[in-house]
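This report goes through a protein chain residue by residue, with attention to where selected side chains lie and what they touch. Please keep the sequence and the structure at hand while reading.

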Amino acid sequence: EDSWVWDELRSVRNYHPSFKYGQIPGVLYNGISAFILKGREPWTFKHSKKDSEYTEPAAQHTEIEYPKPDGELSFDLLTNLARAGTAHEHDQPSHLRVKPELADS
């Protein structure tokens, strides 16, 4: 509770659960919470389910067919990674990993 993360997460804790009342009430509540109450409301809305219960298996959904990179608007994985500007100290291992089967694409 002494962390800056706690302060940030506490101020937005009611954003997602407020939408159980509908889109318009959720947007109105979140606007009031963000701009007037600044996330300091003394109540906390409860989530109806755990986050993991909202996730469905990928097999229940159709796979998204993405177009091949065209080199103008979309780029291959390694080009995007290089353009991300991720920098590490010379002796620090990278936290980003490219699967070997994708390294040549």
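## The segment after H4

Glutamate 89 is placed in the segment that follows helix H4, in what is a predicted model. With a relative accessible area of 55%, glutamate 89 is exposed, and its C-alpha lies 48 Å from the C-alpha of glycine 22, a residue 67 positions away in sequence.

Histidine 95 also belongs to the segment after H4, the helix that spans residues 77-83. Its relative accessibility is 60%, so histidine 95 counts as exposed. Between the C-alpha atoms of histidine 95 and histidine 47 there is a separation of 32 Å, the two residues being 48 apart along the chain.

## The N-terminal segment and helix H1

Glutamate 1 sits in the segment before H1, and because its relative accessibility is 71%, it counts as exposed. Its C-alpha atom is separated by 39 Å from that of glutamine 60, which is 59 residues away along the chain.

Helix H1 covers residues 4-11 and includes leucine 9. The relative accessible area of leucine 9 is 55%, and this residue is therefore exposed. Leucine 9 joins Trp4, Val5 and Val12 in a nonpolar patch on the surface, and the accessible area of these residues together is about 400 Å².

Arginine 10 is another residue of helix H1, but here the relative accessible area is 38%, so arginine 10 is described as partly exposed. When residues up to four places away in sequence are not counted, arginine 10 touches Gly39 and Thr44. The C-alpha atoms of arginine 10 and glutamate 41 are 9.8 Å apart, although 31 residues separate the two along the chain.

## The loop between H1 and H2

What is the nearest side chain of opposite charge to arginine 13, and how far away is it? Arginine 13 is located in the loop that runs between H1 and helix H2, the latter comprising residues 23-37. The side chain in question is that of glutamate 41, at 5.0 Å, and arginine 13 has no salt bridge even though it is buried. A salt bridge would require a side-chain nitrogen of Lys or Arg within 4 Å of a carboxyl oxygen of Asp or Glu.

The side chain of arginine 13 does, however, reach the backbone oxygen of arginine 10, at 2.5 Å. Setting aside neighbours within four places in sequence, the residues in contact with arginine 13 are Gly39, Glu41, Pro42, Trp43, Thr44 and His47. Gly39 and Thr44 are also touched by arginine 10, again without counting residues up to four places away in sequence.

Serine 18 lies in the loop between H1 and H2 as well. Its relative accessible area is 1%, and serine 18 is therefore buried. Not counting residues up to four places away in sequence, serine 18 touches Gly26, Tyr29, Asn30 and Phe45.

## Lysine 38 and its backbone angle

Lysine 38 is part of the loop between H2 and helix H3, where H3 spans residues 51-54. A relative accessible area of 46% places lysine 38 between the limits for buried and exposed, so this residue is partly exposed.

The phi angle of lysine 38 is near 55°, which is a positive value in a residue other than glycine. Most residues other than glycine have a negative phi.

Terms used: Residues numbered from 1 in each chain as written. Predicted model: local features only at pLDDT ≥ 70, side-chain atom pairs only at ≥ 80, totals over all residues. Heavy atoms only, no water. Patch = residues over 30% accessible without salt bridge, like charges linked within 9 Å, V, L, I, M, F, W, Y side chains within 5 Å. Areas by Shrake-Rupley, 256 points an atom, 1.4 Å probe, with all protein chains shown as cover. Helix = DSSP H or I, 4+ residues; strand = E, 2+ residues; numbered from the N terminus. Buried < 20%, exposed > 50% of the residue type's maximum accessible area, 1.4 Å probe, protein only. Lys, Arg positive; Asp, Glu negative; His and termini not counted. Polar contact = N/O pair within 3.5 Å; in protein donor to acceptor, adjacent residues only side chain to side chain. Contact = heavy atoms within 4.5 Å.
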